[in-house]
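This briefing goes through selected local features of one protein structure. The points are grouped by topic.

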Amino acid sequence: MSCALDERDFRRCCRLLLRRSKQLRDGWSWEPVQGSEEGYLRKTAVRSVFLDPEGSGSDSEPRASGPSGPGQQEEEEEAADTDRRVIEDEDEDEDEGVCGVSAGSSQVLQYEYHILHSCSYAAPVLYFRAFTQEGRSLSLEAMWSSVHPNYRLRLQSSPLNTISLQEHPLLGQPFFMLHPCRTEEVMRPVLQAAHEQHRPVNYVLSWLSAVGPVVGLDVPLKYSTLLSPAASPGSSSDTD
């Protein structure tokens, strides 16, 4: 079965999500782009996060443990010292408007989440950014360090892929993005199960439930009552 989500079905899913969000007072809104028919879902949230510099960077994978000789130990210690110096240097050179990583620091951050439709991938895409209370935006390194270690490993080994810094396609501003190139692998089992059980599913809601928690965007369980045949790809009816 096809897992593609076209623009029409995307907007239908968004309308249903917005309706339920209003009931739950969950803060989602639809933001139209001035002078265009395009738009996107938007939500803001305040979170207290622990910035772990040991996990900053998309290539920070757990290292296999095992016996090592004196030479290897010296190399590992030297590499660790180099990493620490690099982090310290980057903190000193950081632009005033960008927040880097402070060792083992906890910060209150203002997150802004956008959900857009990608015609290229026929799928929703999550863009997001975060600011400190002083209004400084998080660097890519700091963003990676704010992701829980379990989710960092998940990003490296699962279809959710990775976080990158991209230009927002509608606003032209820098945003972080969860790349959508393997979204189909996430959604195919969900849609297949719903099809076999003759159960409606909201593509955007199901997708968001899978990818949102990775970047601190949890979906309340009460959204599960939002079920309509119009919410699955290929449906021709609408409940609005």
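**Cysteines**

Cys 13 is buried, its relative accessible area being 0%. The model is predicted, and it contains 0 disulfides.

- A disulfide is a covalent bond that joins the sulfur atoms of two cysteines.
- For Cys 13, the closest cysteine sulfur belongs to Cys 14 and lies 6.9 Å away, which is too far for a bond.
- The cut-off applied to such a sulfur pair is within 2.5 Å, so the 6.9 Å between Cys 13 and Cys 14 does not qualify.
- Cys 119, in contrast to the buried Cys 13, is exposed, with a relative accessible area of 65%.

**Helix H6**

- Helix H6 spans residues 203–211 and is mostly covered, with 7 of its 9 residues buried.
- The buried residues of H6 are Tyr 203, Val 204, Leu 205, Trp 207, Leu 208, Ala 210 and Val 211.
- At the N-terminal end of H6, Asn 202 acts as the cap.
- In this cap, a side-chain oxygen of Asn 202 sits 3.1 Å from the backbone nitrogen of Val 204, and Val 204 is itself among the buried residues of the helix.

**Strands S1 and S2**

- Strand S1 covers residues 29–32 and strand S2 covers residues 39–51.
- The two strands, S1 and S2, are paired in the antiparallel sense, over 4 bridges.
- Ser 29 has Arg 42 in S2 as its bridge partner.
- S1 and S2 form a hairpin with 6 residues between the strands.
- Within this hairpin, Gly 35 adopts a positive phi near 75°.

How values were computed: Residues numbered from 1 in each chain as written. Predicted model: local features only at pLDDT ≥ 70, side-chain atom pairs only at ≥ 80, totals over all residues. Heavy atoms only, no water. Buried < 20%, exposed > 50% of the residue type's maximum accessible area, 1.4 Å probe, protein only. Polar contact = N/O pair within 3.5 Å; in protein donor to acceptor, adjacent residues only side chain to side chain. Pairing = 2+ DSSP bridges.
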